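Q: Please take a close look at the largest nonpolar core of this model. Which residues touch the most other members, and where does the core lie?

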Amino acid sequence: MPLRVESNLAKTFNSTGFLAIDIGGTKLAVGVVSTSGELLSRMQTQTPVSDVWGALKKLIDAQMLQTDVRIEACGVGCGGPMTLGGESVSPLNIPDWRGFGLLAAVESATGLKTYIANDAQALVLGEVWCGSAVGVSDVIGMVVSTGVGGGIVLNNKLVTGRLGNAGHIGHVIVEPDGRLCECGAHGCLEAHVSGRSIEAITGKSSEHATNEVKTEAGKLVGRALVSVGALMDLQLCVIGGSVALGFGDPFFNAVQHELDRSARLEFIRGMKVLPVGLGDAAPLIGAASLARSSY
Ligand SMILES: [Zn+2]
């Protein structure tokens, strides 16, 4: 046994990687990802109601202490909205953070050059790196979990927009005069298909959703994607997040069905939907991909 420990240590001392941080409304996760895109370790905790930074810093410190990998840089995927580069973040699902100075906090806690983007933007870069979208130049990545986010790679490049929020598909209106969204508008995709919204609509956690609920959510996601596909000329959508992955086939089939039914122009008609290839590691590998390619 001691010999085995020694050989593991020797191996990991020689490797390099990235510190990866995923910040969501339900959980905080910190991991180490190798330079070839392998998630080497992960620690996570529930997102507390208050002192979110205190909880995150504990995870960062613990991960930095335990890893034997030489860390080159840090990537952070965080719920939006935010200012470009994450100098100031105000995730809708984390009321504790309004105008929080995330970039400075992480850089000072880790001493690492840090790259921050919307969590779905991170996810799509990770999927292009080593997931379902390898070799695809024009793709949207979506996270359907506590909230609903999106990130777009167009012509092989992440689209950031003026303030870094491009791709925010959760606030595309899918039901005129629909449910009130946390953003203040009515009928946003997020107000109908996020985990929180599904719980509010059905009175049950999304884990206990019926097939009808899963199918309806897929239909609305498909409806939003038809418009986004028409705007951006995309060939693929990859979807992750606990709600989408938990819903599985009934959800993904309904998204594809709605795309096939509603998209009429030739260039939108071929658009495909797939689950993230990196599964539940997608957010952390995505965060690492921000550090890897200073997008
Ligand atoms: Zn909204």
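A: What follows describes the core, then a helix and a sheet that belong to the same account. The model is predicted. The largest nonpolar core has 80 residues, and V124, V139, L189 and C237 touch the most other members. Helix α11, residues 282–292, gives the most to this core, with seven residues. Domain 1 (2–118) and domain 2 (132–276) both give residues to the core, so it lies between them.

Helix α11 itself is mostly covered, with eleven of its eleven residues buried. The buried residues of α11 include the nonpolar A282, L284, I285, A287, A288, L290 and A291. P283, G286, S289 and R292 of α11 are buried as well.

V139 can be followed further. Apart from neighbours within four places in sequence, V139 is in contact with V124, V128, A133, V153, L234, Q235, L236, C237 and V238. Two of these contacts, V124 and C237, are themselves among the residues that touch the most other core members.

The strands come next. V139 belongs to the range of strand β6, residues 139–144, which runs parallel to strand β9, residues 236–240, and is joined to β9 by five bridges. Within this pair, I140 has C237 of β9 as its bridge partner. Both strands belong to an open, five-stranded sheet of mixed pairing, ordered β8-β7-β6-β9-β10. At the edges stand β8 (157–158) and β10 (272–275); each has a single partner strand, so one side of each is left without a neighbour in the sheet.

Conventions: Residues numbered from 1 in each chain as written. Predicted model: local features only at pLDDT ≥ 70, side-chain atom pairs only at ≥ 80, totals over all residues. Core = buried A, V, L, I, M, F, W, Y, C linked by C-beta atoms within 7 Å. Buried ≥ 20, exposed ≤ 12 C-beta atoms within 10 Å, placed from the backbone. Helix = DSSP H or I, 4+ residues; strand = E, 2+ residues; numbered from the N terminus. Domains from an automatic or database assignment. Contact = placed C-beta atoms within 7 Å. Pairing = 2+ DSSP bridges.
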